[in-house]
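User: Could you take a close look at one spot for me, the place where two helices pack together, and then show me how it sits beside the sheet?

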Amino acid sequence: MSESFREALVRGEILVADGATGTNYQTRGLERGLAPEQWLYQEPDQVVQLHRDFLQAGSNIILTNTFGGTALRLAHAGLENDAAQVNQRAVQLARRARSSATGNGRVWIAGSIGPSGQLLEPFGTLTRDDAVAQFGAQARALADGGVDLLVIETQFDLGEATAAFEGARAVTDLPIVVSFSFDMGTNTMMGLKAAQVAQEVTALGADMVGVNCGRSLEENLINLQEMRAATHLPLWMKPNAGLPRMTDDDIAIYDVTPEQMGAAAARWLEAGAQIVGGCCGTSPQHLQAIAQAVARARVKA
Ligand SMILES: [Zn+2]
């Protein structure tokens with residue numbers, strides 16, 4: 001790879017991340033209640049295929065299927081003793097997809113690090129030291145596997161986000177994105193606002209801060225704008241395809257169309273986002289519309 005991810009970032013290049021992992025796996029047959037990481041072993045071809053579909057749609061950055069890849073969270077899938085192997089296998093499958101992709105130039109692989117699924121003391125029983133160690137172990141496995149950057153995502157608690165950052169930074173110099181989910185609309189579950197988390201993440205020394213998942217596109221645009229006003233860091237924007245409605249049997253339906261998602265992406269770029277993609281509900285078709293919005297913005301620039 002000629003140019004590093006950090007060089008492209010510093011140069012201010014606008015880049016396209018990918019779409020959802022979990023909701024697309026569910027569309028493709030992942031049983032509800034099964035951890036997406038199980039598919040690394042049960043359906044590796046499906047894992048590679050979704051990466052390929054996003055690359056085909058125009059992604060420059062694909063995220064590994066390791067959102068639940070701390071040993072703490074893999075315990076729910078019975079994979080806690082194989083955490084390093086799970087993370088490295090996910091990187092391997094992403095690399096396989098990249099090596100067979102043609103046409104959209106450089107592709108970087110981002111190691112996804114989601115929340116541990118436990119609350120830190122005093123709200124829960126997880127100690128800060130343990131959290132730092134567990135996130136550090138995941139980051140090390142992802143780095144050893146060969147990712148180009150790390151994305152600590154869907155964070156809602158500053159204690160956990162800073163523990164994850166500290167654990168990761170202790171084991172690697174890779175670029176690190178820290179991204180929050182504003183599940184209450186313009187607050188995280190722990191009541192944090194976008195400006196506050198942007199300032200805290202900037203002080204940590206992260207490479208990027210951002211918004212992912214959350215609720216409606218309108219609310220997430222406000223969160224992005226608040227971040228822009230609060231930090232000079234480049235911004236990552238990977239929201240859900242709008243607020244889902246729940247069916248009677250509790251399945252989330254995302255009504256935002258690819259065209260609407262593409263129109264929203266143009267507003268994210270106007271608001272100062274540098275890397276854009278989508279979270280839950282974002283299909284390869286939605287991602288293609290986002291990539292087209294980026295291509296139009298590049299022409300204008
Ligand atoms: Zn999401």
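Analyst: Happy to! In this predicted model, helix H9 and helix H10 cross in the right-handed sense. H9 covers residues 194-204 and H10 covers residues 217-230. Their axes lie 8 Å apart and meet at an angle of about 45 degrees. Angles from 65 to 115 degrees would be roughly perpendicular and those under 35 roughly parallel, so H9 and H10 count as oblique to each other.

Which residues make the contact? From H9 come Ala-194, Ala-195, Ala-198 and Gln-199, and from H10 come Asn-223, Glu-226, Met-227, Ala-229 and Ala-230. By character, six of these residues are nonpolar, two are polar and one is charged.

Now for the sheet. It is open, has eight strands paired in parallel, and runs in the order S1-S10-S7-S6-S5-S4-S3-S2. Strands S1 (15-16) and S2 (61-63) are at its edges; each has a single partner strand, so one side of each lacks a neighbour in the sheet.

Further in, S3 (residues 108-113) pairs with S4 (residues 149-155) in the parallel sense through four bridges, and Ala-110 stands opposite Leu-149 in S4. Helix H7 (residues 128-145) packs on the sheet there, touching both S3 and S4, with its direction at about 160 degrees to that of S3.

That brings us back to H9, which also packs on the sheet: H9 touches strand S5 (176-180) and strand S6 (208-213), and its direction makes about 140 degrees with that of S6. H9 therefore has contacts with the sheet as well as with H10.

Methods
Residues are numbered from 1 along each chain as its sequence is written. This is a predicted model: local features need pLDDT of at least 70, side-chain atom pairs count only at pLDDT 80 or more; totals for chains, interfaces and linings use all residues. Two strands pair if DSSP finds at least two bridges between them. Helices (H or I, at least four residues) and strands (E, at least two) are DSSP runs, numbered from the N terminus. Two residues are in contact if their C-beta atoms, placed from the backbone, lie within 7 Å. Axes are lines fitted to C-alpha atoms, for helices over the stretch in contact, and angles run from 0 to 180 degrees between N-to-C directions. Angles under 35 degrees count as roughly parallel, over 145 as roughly antiparallel, 65 to 115 as roughly perpendicular and the rest as oblique. A crossing is left-handed if the near helix is turned anticlockwise from the far one by less than a right angle, and right-handed if clockwise. Ala, Val, Leu, Ile, Met, Phe, Trp, Tyr, Cys and Pro count as nonpolar, Asp, Glu, Lys and Arg as charged, and the others, Gly among them, as polar.
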